[in-house]
Amino acid sequence: MDSERSILAAFMVPHPPLIVPDVGRGGEEKVRKTIDSYEKVAKKIAELKPDTIIITSPHATMYRDYFHISPGEKAKGDFGDFGAPKVKFDEEYDYELVDLIADLAFEDDFPAGFEGEKKKTLDHGTMVPLYFIRKYYTGGKIVRIGLSGLPLTDHYQLGMYIREAVEKLGRRAVFVASGDLSHKLQDYGPYGFAPEGPIYDERIMDTAGRAAFGEMMEFDEEFCDKAAECGHRSFVIMSGAFDGLAVETKVLSHEDVTGVGYGIIEFYPKGQDDSRYFLDERRKKLMEERSKSDGYVQLARLSLESYIAEHKKLSIPEDIPEELMAILPEEIFSERAGAFVSIHKNGRLRGCIGTIAPTADSVAREIIRNAISASTRDPRFDPITEDELEWLEINVDVLGEPEDIDSIDQLDVKKYGVIVSCGNRRGLLLPDLEGVDDVETQVSIAMRKGGIREDDDYTLQRFEVIRHK
């Protein structure tokens, strides 16, 4: 790799319009540390004289299942929405680089490109960094990339495509990962306080400050949501642009005086490092965990993989490999029970379908059917595709017989699942689910799933499960 024809440096920066004086009108002084750090970043970019400034922004066009890269040759924007219409930008896009990133993604059937732009004008997540950069450096075209609702590993992968495109075109580029930290750091802040807020800020500043990019992909997305951060996916894309490289960091500042976290860190590549291929490491870790799965989970995985890759439903025992038959207990073929198959991809639920009571003549066939349904027929998600199979984590819950109970006092959120029934409406929730910490929440979710209201005349049942991983 020619270090002078690649990503020269990257910068993790916030984007509060407040720090633009025409917007802040004096209020910006409360975050003076952030402003001073931003000035240092801008001067460093001016010293590097990049051909291209790549900016990932949470406020650019965003889709649940697609990364949007702004198309065209130029874009304009101003801070009119923040009371400062005279602060304007007229930027040129590096459309050759945009085209190549999109082409690389298309070749791998990766969901990124320049289709479906919602708004052509520049967003404030892009303009705030440019406000400081353009004070010192007027050269360089830009690339603007939005985030997505896809898993963090996909954001990391996008960063890898970005660097590949930069190197193929011989660009000298800098990467600006625009994003605020938690929005729930103080009671007096605009979004209030959540205990996850300060924890997120401390953790991300430590993780990013060490360039521990593999750990960036291990942040639980529910935890990130509770912390109300907006930049994590932006930071992960940046991390992917340094895959396989040693990285030197410099933490410039972190402030939380407004109730929102603002962190600024510099990153500089320092040559090849074979210990830092974090996506490959994650694949190896998943394979190791998969090898430890018990027979129930292996059967579920075999069922969905066979159906998705070959559109074939397993027959028993003809399609079950000898080594799997050897570890499956006899009762899986002789006993009947309801079973749920839960599928996660990179920490996020990707499908979950099950049966409260048995519908097949054995637990094995119950698992085979429900694995196919969970992966292809869960109405909350698109069907799982073949390229996703390597990232899937699967659990199988075999349900015990439900028993009637008189009140929620007889529930234990860790031990028992709950069934709420009203007429022909039923809602079920499994036990020991992440984020469900009390029985009131458990029952409320089950009622919502069953379309049951508080004032309905409903009954409760509890059941135990045997969870297979």
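## Exercises on helix H11 and three salt bridges

Asp 294 caps the N-terminal end of H11, with a side-chain oxygen 3.2 Å from the backbone nitrogen of Tyr 296. Such a polar contact is a pair of N or O atoms within 3.5 Å; within protein, one must be able to donate a hydrogen and the other to accept it, and residues adjacent in sequence count only if both atoms are side-chain atoms. Helices (H or I, at least four residues) and strands (E, at least two) are DSSP runs, numbered from the N terminus.

This is a predicted model: local features need pLDDT of at least 70, side-chain atom pairs count only at pLDDT 80 or more, and totals for chains, interfaces and linings use all residues. Residues are numbered from 1 along each chain as its sequence is written, and side-chain values use heavy atoms, with hydrogens and water left out.

**Exercise 1.** Work out what span helix H11 should have, and compare it with the distance between its end C-alpha atoms.

*Solution.*
- Take the 16 residues of H11, residues 295-310.
- The expected span is 1.5 Å times one less than the number of residues, which gives 22 Å for H11.
- The end C-alpha atoms are 21 Å apart, which agrees.
- Just after H11 comes His 311, with a positive phi near 55°.

**Exercise 2.** Find the partner of Glu 164 in a salt bridge, and place both residues in the fold.

*Solution.*
- A salt bridge needs a side-chain nitrogen of Lys or Arg within 4 Å of a carboxyl oxygen of Asp or Glu.
- Lys 168 is the partner, the closest N and O atoms being 3.3 Å apart.
- Both residues lie in helix H5 (residues 152-169), four residues apart, about one turn of the helix.
- An α-helix has 3.6 residues a turn, so residues three or four places apart point the same way.
- For accessibility, buried means under 20% relative accessible area, exposed over 50%, and partly exposed in between (1.4 Å probe, protein chains only).
- Glu 164, at 31%, is therefore partly exposed, and Lys 168, at 55%, is exposed.

**Exercise 3.** Are Arg 350 and Glu 388 buried or exposed, and which parts of the chain does their salt bridge link?

*Solution.*
- The closest N and O atoms of Arg 350 and Glu 388 are 2.9 Å apart.
- This pair links distant parts of the chain, 38 residues apart: Arg 350 is in strand E12 (residues 348-354), Glu 388 in the loop between helix H14 (363-376) and strand E13 (392-399).
- Arg 350 has a relative accessible area of 12%, so Arg 350 is buried.
- Glu 388 has 8%, so Glu 388 is buried.
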